[in-house]
Amino acid sequence: MDERHDRDELRRQWRQLAPGWVREMREGRNAPRAGMLDGAMLEACGPVAGLQVLDSGCGEGRFARMLAAAGARRVLGLDACEAMIDAARQLACGPDEYRVADVEDLSFLPDASFDLAVSCLNQCDLPDFAANTRALFRVLRPGGRFVVANVHPMRSAVGAWQRDAGGAKQHVILDNYFDESQRRWKMLGVEITNFHRTLGTYLNAYLDAGFALCRLIEPTVTDEALKAYPENDDEQRVPNFIIFVLAKPEQGLGRRGARPAPCPSRRD
Ligand SMILES: C[S@@+](CC[C@H](N)C(=O)[O-])C[C@H]1O[C@@H](n2cnc3c(N)ncnc32)[C@H](O)[C@@H]1O
């Protein structure tokens, strides 16, 4: 696949991964998510009771169900992979609904129709994450928020651990950071394509779309949290994920200079 990013090939990869992915999400331990990222994302979203929420790249619906359980009035989950959407529909719990869609093009959704948009480890899969960002900005109401979790750019550049002769982890390799291009790697035995971008590329695209940055979170684990998921001890050493909490300004189209929306209150 060349840099024109053959979208059919990307879709094929997710179709191939979907059965294993659904099984893993539902039966696996998912330690980095369940023991770290999920809690950080829910906290970053703030109170969701009564909100209209869009889950961009929802997969088999894991996080959408958590938002529904937290009281969201409606959660619309979108994913380009039919098998993911079929699986999500099977576990729909009421306010959550699911639709097959490419999240780079949300033209089927009206302007200003959501209070909160979330994207959980999906923008790193998109050839044009900036198009997704602009589309989400449009469908959010003024004052609405966009909470996006990505693979941390320090990890998406290379990501691998350097190990000693005995296999012990020494440090994570950071290299080719400024080479923004696709990376291919194996997940559950399936070759998958991701897109590495620098921290600046992500943040500047959010600002260019009109968002204000409320918080930037690099989740890690406490010693207390490690008791439940001891295999997450790596997460105290190097960042794995990054969460941007963004707000669409209250006034006008929200270009720079407009008043930012208040940032969500943090849960204790
Ligand atoms: C790493 S999974 C994350 C799924 C889910 N957000 C979660 O946290 O479990 C990435 C998802 O993005 C979806 N995806 C990839 N490209 C997409 C696109 N252009 N539009 C919509 N979904 C896409 C894949 O089908 C996959 O379900």
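## Exercises on loops, strands and a helix

L188 is found in the loop between β8 (182-187) and β9 (190-195); helices (H or I, at least four residues) and strands (E, at least two) are DSSP runs numbered from the N terminus. This is a predicted model, in which local features need pLDDT of at least 70 and side-chain atom pairs count only at pLDDT 80 or more, while totals for chains, interfaces and linings use all residues. Residues are numbered from 1 along each chain as its sequence is written.

### Exercise 1: two loop residues

State what is notable about the phi of L188, and do the same for A112. Then give the exposure class of L188 and of A112.

Solution.
1. The phi of L188 is positive, about 50°, although L188 is not a glycine.
2. L188 has 13 C-beta neighbours inside 10 Å and so counts as partly exposed. The class follows from C-beta atoms placed from the backbone: a residue is buried with 20 or more others within 10 Å of its own, exposed with 12 or fewer, and partly exposed in between.
3. A112 sits in the loop between β3 and β4. Its phi is near 50°, again a positive value in a residue other than glycine.
4. For A112 the count is 14 other C-beta atoms within 10 Å, so A112 is partly exposed.

### Exercise 2: strand β11 and its partners

How many residues of strand β11 (residues 241-247) are buried? Which of them point one way from β11, and which the other way? Over how many bridges does β11 pair with strand β5 (residues 140-151), and how many join β11 to strand β10 (residues 212-217)?

Solution.
1. Seven of the seven residues of β11 are buried, which makes the strand mostly covered.
2. F241, I243, V245 and A247 point one way. I242, F244 and L246 point the other way, and the residues of both sets are buried. In a regular strand the side chains alternate between the two faces of the sheet.
3. β5 and β11 are antiparallel and pair over seven bridges; strands pair if DSSP finds at least two bridges between them. One of the bridge partners is F241 in β11, which matches V151.
4. β10 and β11 also run antiparallel, joined by five bridges. Here L216 has F244 of β11 as its bridge partner.

### Exercise 3: the sheet

Give the strand order of the open sheet. Which strands stand at its edges? In which sense do strand β1 (residues 52-56) and strand β4 (residues 114-120) pair?

Solution.
1. The sheet has seven strands in the order β3-β2-β1-β4-β5-β11-β10, with mixed pairing.
2. The edge strands are β3 and β10; each has a single partner strand, so one side of each lacks a neighbour in the sheet.
3. β1 and β4 pair in the parallel sense, over three bridges. Within this pair, D55 stands opposite V118 in β4.

### Exercise 4: helix α4

Name the buried residues of helix α4 (residues 82-90). Why can these residues be said to line one face of the helix?

Solution.
1. M84, I85, A87 and A88 are the buried residues of α4.
2. Seen down the axis of α4, these residues fall within an arc of 160°, so they line one face. The arc is that of the directions from the helix axis to the C-beta atoms.
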